[in-house]
Amino acid sequence: MSNIIDGKAMAAALVEETAIAAAKFNDAHGIKPGLAVVLVGEDPASAVYVRNKVKQATNAGLNSIEHRLPADTSQQTLNQLVDDLNNDAKVHGILVQLPLPEHLDEEHIIQAIDPAKDVDGFHPLNAGALATGQQALVPCTPLGCLIMLQRTLGDLSGKHAVVIGRSNIVGKPMAALLLQANCTVTTVHSRTQDIVGICSQADIIVAAVGRANFVQADWVKTGAVVIDVGINAIEQDGKRKLVGDVDFAQVAPKAAAITPVPGGVGPMTIACLMKNTLTAANQQMQS
């Protein structure tokens with residue numbers, strides 16, 4: 001199908017662009033942009049994410065610094081590590097892999113990271129700056145979605161974008177980014193009335209609700225562009241299968257362009273982490 005947006009290819013191109021810029025940064029400052037990744041515990045999915053991030057950091061010309069801590073790490077120990085990384089001039093970006101073990105306070109850790117090194121874009125100061133149109137480090141998944149849309153459609157001005165979901169990680173920052181790109185933006189969620197009617201008017205749909213095959217064909221007008229952020233594990237024919245929030249088989253024939261799951265937004269999220277690290281490094285050198 002020719003209308004599939006190849007997230008893997010776009011991510012590879014973005015990582016290559018970052019590597020070229022990172023080499024220039026190294027030439028100018030005598031240091032590679034540094035990304036510190038902290039993994040607490042042995043969560044299998046988190047371990048895979050971290051391994052992929054470390055691999056892509058190398059591909060992007062970054063200095064990757066890994067900190068693996070046992071699941072019973074205390075809040076005090078984790079706080080101290082974050083504080084040390086905040087004060088380490090060789091570290092330009094800090095990512096603490098979520099979720100953390102239950103006894104650790106995620107919100108406290110997010111707020112403990114220096115906003116200038118918050119390459120996840122989760123710190124309240126970065127969230128507030130994004131919401132008010134100021135310079136900010138932006139969450140990687142919405143940033144990846146925006147880049148995919150811009151590289152697929154070009155100028156987004158005047159397009160009606162509907163964001164399905166209102167989470168702090170995807171929905172809210174996605175809406176803010178689309179507003180900055182001069183879209184007309186509607187956010188729909190579990191309490192929205194006539195959600196199908198609203199979505200069916202959209203030029204762009206970004207689905208980030210975490211429900212398998214939630215968006216059906218009658219939600220999507222012919223020629224819309226559909227970005228599927230969801231990653232949901234389902235059982236199909238006795239096998240575990242990953243699907244998105246969009247019923248791909250039904251929606252794809254109507255869409256002008258659509259992201260697959262897997263192979264769509266996921267690779268771009270990791271590529272944008274590398275981009276954010278370079279952005280953070282450049283901003284720190286200018287401050």
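Which residues lie nearest the centre of the largest pocket, and how many line it? That was my opening query on this predicted model.

**Entry 1, largest pocket.** I count 43 lining residues, and Y49, T141, I231, G266 and T269 are the ones nearest the centre. The space inside comes to about 1,400 Å³. Next I looked up where the lining comes from. Two or more residues each come from helix 2 (44-59), strand 3 (93-96), helix 6 (140-153), strand 9 (239-243) and helix 10 (265-286). Helix 2 gives the largest share, seven residues. I also sorted the lining by class and got 25 nonpolar, eleven polar and seven charged residues.

**Entry 2, second largest pocket.** I get a volume of about 370 Å³ for this one. Its lining runs to 21 residues, with F122, A127, N168, I169 and P173 nearest the centre. Helix 4 (106-112), helix 5 (124-131) and helix 7 (171-180) supply at least two residues each. The class split I noted is 13 nonpolar, five polar and three charged.

**Entry 3, cavities.** How many cavities of 30 Å³ or more does the structure hold? I found one, and the volume of the largest cavity is about 70 Å³. I wrote down its whole lining: I94, L95, V96, L98, E106, I109, I110, I113, D118, D120 and F122. Strand 3 and helix 4 are the elements that give two or more residues here. By class, I have eight nonpolar residues, no polar ones and three charged ones. Two cross-references for myself: F122 is in this cavity lining and is also listed among the residues nearest the centre of the second largest pocket. Strand 3 gives residues to the cavity lining and to that of the largest pocket as well.

**Entry 4, cysteines.** I searched the whole structure for disulfides and came back with zero. C199 is in none, and the nearest cysteine sulfur, in C183, sits 15 Å away. Then I checked C272. Why is the sulfur of C272 not bonded to the closest cysteine sulfur, in C140? The two sulfurs are 6.3 Å apart, so they are too far from each other for a bond; the cut-off I used is 2.5 Å.

Are C199 and C272 buried or exposed? C199 has 0% relative accessibility, so I put it down as buried. C272 also comes out at 0%, so it goes down as buried too.

Key:
Residues numbered from 1 in each chain as written. Predicted model: local features only at pLDDT ≥ 70, side-chain atom pairs only at ≥ 80, totals over all residues. Heavy atoms only, no water. 1 Å grid on protein atoms, 1.4 Å probe; cavity = no way out; pocket = protein on both sides within 12 Å on 5 of 7 lines; lining within 4 Å. Points joined across faces, edges and corners; volume = space filled by probe spheres on them. Helix = DSSP H or I, 4+ residues; strand = E, 2+ residues; numbered from the N terminus. Nonpolar A, V, L, I, M, F, W, Y, C, P; charged D, E, K, R; others polar. Buried < 20%, exposed > 50% of the residue type's maximum accessible area, 1.4 Å probe, protein only.
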